[in-house]
Amino acid sequence: MNVALIFLVVILTIAGWWLSRQRLFSKPWLEVGHTYDLRPHDRPSIPPAKIGLGVFLAVVAALFSLFMSAYFMRMASTDWWSTPMPRILWLNTAILGLGSLLLHAAGVTAERHQDDTSRTALIAALAAGLAFLAGQVFAWRELSDAGYLLADNPANSFFYMISGMHGLHILGGLFALTRVIVKTRTGPMGEKAVLSITLCATYWHFMLAVWLVLFALFSGWANDFVELCRQLLT
Amino acid sequence: MVDIRSGTGEPIGPAEVEDVELYHPHSWWTRYVFSQDAKIIAIQYASTAIAIGMVALVLSWLMRLQLGFPGAFAFIDADRYYQFITMHGMIMVIYLLTALFLGGFGNYLIPLMLGARDMVFPYANMLSYWLYLLAVLVLVASFFAPGGPTGAGWTLYPPQAVLSGTPGGKDWGIILMLSSLILFIIGFTMGGLNYVVTVLQGRARGMTLMRMPLTVWGIFTATVMALLAFPALFVACVMMLFDRVLGTSFFMPAIVEMGEQLQHGGGSPILFQHLFWFFGHPEVYIVALPAFGIVSDLISTHARKNIFGYRMMVWAIVIIGALSFIVWAHHMYVSGMNPYFGFFFATTTLIIAVPTAIKVYNWVLTLWRGDIHLTLPMLFALAFIVTFVNGGLTGLFLGNVVVDVPLSDTMFVVAHFHMVMGVAPILVIFGAIYHWYPKITGRMLNGLMGHLHFWVTFIGAYLIFFPMHYLGLIGVPRRYYEMGETAFVPASAHTLNEFITIMVLVVGAAQIIFLFNLVWSIRHGREAGGNPWRATTLEWQTPETPPRHGNWGKELPVVYRWAYDYSVPGAPEDFIPQNQPGSAGLAPEGAS
């Protein structure tokens, strides 16, 4: 459970930092007749959707860190041999990264009111997302054709399961992205559209980061890293 | 009272609070069925939870009938008995307690207590309920599936959960159970995001975190914990589903079943236990923290006194929330862990008793010299304190490895966890329903039926679970379908078991009175008015009772004080609502 615990420490640190700024030492029973509200009056507060996405990403991160915890704990058993990574995964990673860049560009251009460029970038990002999913399916087929079946070995099982879970999250993101594309198809892009696009981009960057960690995990680099940490600790 | 910091008392316009765009329903369907109003969703959540809870209640009757009168009921065979146990536990913990506290009270109270119009993401909130309902339906479907529901115990430990010896293991039971949990978790995440972001972003002007009622603190912290803990159950469920359906070996070691070598091999059952209890222990506090919060508010309101040590109460809630993530393996003392782990987890388990004890002391000190009104909510709150202390103390026994090992598989554990996370939170739920029912319906619940319900439930619960400690101490094992001829169990234990069973039937019947009261009082209850308990918190200050869609009139409330201004010296009344500006009330006004 080490990965999950490390993740938890990170979350608790963030929560603690936030709580430390909430006047937890104030004495509310002595503060009457005034609002004593620290929230800013002048500038608009962060939109709830942004905070909501942040909290959701924390939940997703918890999910994947727990999968990784399970991966490391199961790895300790003797029947484990690692799965070779199909080379198409490199291409997929590049496509996912491209999608991330495109969404970022879509956000920036939407903010500069270059609506058409932004729309093109959004559709390109959608295509990149679909291409990534197709690439993942090709990777699965390549593996199973080579005889690495789901139930043969725990490493295979983990690869299919976790990459599948990641794919499902990408699929969910594609649904959201499609909605944004449909909504911003006509008319000038307002503040709301920019926000939606930025949120999509944030989600994409996050899922890219998750994928990079997972890819490192499956390729075995993460093991070397963990081994290094272990040596440093002992 | 010298360094009191009172402001100028000038009312501050609510303009700074950004109004949420409210969804306006156009038809009966979108208003009452596919509603996006948190109050309707709360009632939907609560009704569904209570309905499925009644199923779990009947299951406990059946299970107790077998224990009290073994063999007297032919249809309760060993398989059915295990199915009853499993479903009773799972329903009560997840589908009743979690759903009712967070989905029910969370939805109803968070927006109202914080002075918001609604949750921040009403659509996701609606989806959350419908996914919960779907999860419940999938769970119920397992009763009708071939082979019946799973009988693996509510902890669903592999490998037995997916083997043919366990009811539902090779049939649909376990698959439906795991699918239902996965649906529940997805649905809860949607609701949970709402509760958290509403607390962060939806508070009315002046409602600082340290002015929130403890109910909201409890629900908020519990939700954060649930959002971090439920993924562990999700992972465990997905992996077990893979093991069961696709033949992987995450949790399944090499097994010979009925002389046949299964294709599984090398998996780790302990891995499941770690994942399960990484969720399972925080789950105890996910249920307990909202109860702590609610009970604080009930005691303060009905003792007409400010809560003792508000800051300490908030800190204790946060600290308990954080600590509860590093105690999970105390459920695994008998699972074969490194002994040093046992030492570590026993220590953290005992440390968590400190903030918990602080809370108990603060409740008692709030009562001290208070103007105690023995209303029904107060009776339930008092009963909670007694029961919780009781169950908590046996928790200290079981937290020690050396004491836990001999007691782990006995009725002592059953008595402990029913006291601390069964009876205690349920008492709070009852108290909370008696307390907020007037706001939800505009009418009071019937007092006579209420008192009957309270005394039978409270005394009955003690008569059920107190003797169970004794049964456990003399070694009566738990999980057994029947004891048969056992040398160390005296005949008197069987008599005691019969007595417990009869009490279970009586207490269960008392809940029917309660349900009847809930329905009867909607039409025939006494008119309550807007603030029957003369409480300070915002939900009692709404312009209409029951509150309309949007909760508040044209303007959102502005908060000028904390939630516990009861019996303030010099004030004209013994309570000052949170939205009352400073000029009214306090004697030392203008002193600063």
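Trainee: Which residues is Val235(B) in contact with, leaving aside its neighbours within four places in sequence?
Mentor: Bear in mind that this is a predicted model. In it, Val235(B) is in contact with Leu63(A), Leu66(A), Phe67(A) and Ala70(A), and also with Leu275(B).

Trainee: And which residues touch the most other members of the largest nonpolar core?
Mentor: Val235(B) is one of them, together with Phe380(B). That core holds 254 residues.

Trainee: Leu275(B) has a number that falls in α7(B), right? What does that helix look like, in residues and reach?
Mentor: Helix α7 of chain B runs over residues 269–302, which makes 34 residues. From its first C-alpha to its last it reaches 49 Å, close to the 50 Å expected at 1.5 Å a residue.

Trainee: Where does α7(B) bend, and by how much?
Mentor: The bend is at Trp277(B), and it is about 30 degrees.

Trainee: Is α7(B) mostly covered or mostly uncovered?
Mentor: Mostly covered: 31 of the 34 residues in α7(B) are buried.

Trainee: What happens to phi just after α7(B)?
Mentor: Arg304(B) sits there, and its phi is positive, at about 50 degrees.

Trainee: Switching topic to peptide bonds. Which residues does the cis bond with omega about 0 degrees join?
Mentor: That one joins Pro158(B) and Pro159(B). Pro159(B) lies in the loop between α4 (122–144) and α5 (173–201) of chain B.

Trainee: And which pair has the cis bond with omega about -10 degrees?
Mentor: Thr545(B) and Pro546(B). For the location, look at the segment after α15 (491–524) of chain B, where Pro546(B) is found.

Trainee: Back to that α4 to α5 loop of chain B. What is the phi of Leu156(B), which is found there?
Mentor: Phi of Leu156(B) is positive, about 55 degrees, although the residue is not a glycine.

Trainee: Is Leu156(B) buried or exposed, and why?
Mentor: Leu156(B) is buried, because 23 other C-beta atoms lie within 10 Å, and the cut-off for buried is 20 or more.

Trainee: What about Asn551(B): what is its phi, and where does it lie?
Mentor: Asn551(B) lies in the segment after α15 of chain B. Its phi is near 65 degrees, again a positive value in a residue other than glycine.

Trainee: How many C-beta neighbours does Asn551(B) have inside 10 Å?
Mentor: Asn551(B) has 24 inside 10 Å, so it counts as buried.

Note on methods: Residues numbered from 1 in each chain as written. Chains lettered and ligands numbered in written order. Predicted model: local features only at pLDDT ≥ 70, side-chain atom pairs only at ≥ 80, totals over all residues. Helix = DSSP H or I, 4+ residues; strand = E, 2+ residues; numbered from the N terminus. Expected span 1.5 Å × (residues − 1). Bend = angle between axes of the 7 residues up to and from the residue. Buried ≥ 20, exposed ≤ 12 C-beta atoms within 10 Å, placed from the backbone. Core = buried A, V, L, I, M, F, W, Y, C linked by C-beta atoms within 7 Å. Contact = placed C-beta atoms within 7 Å.
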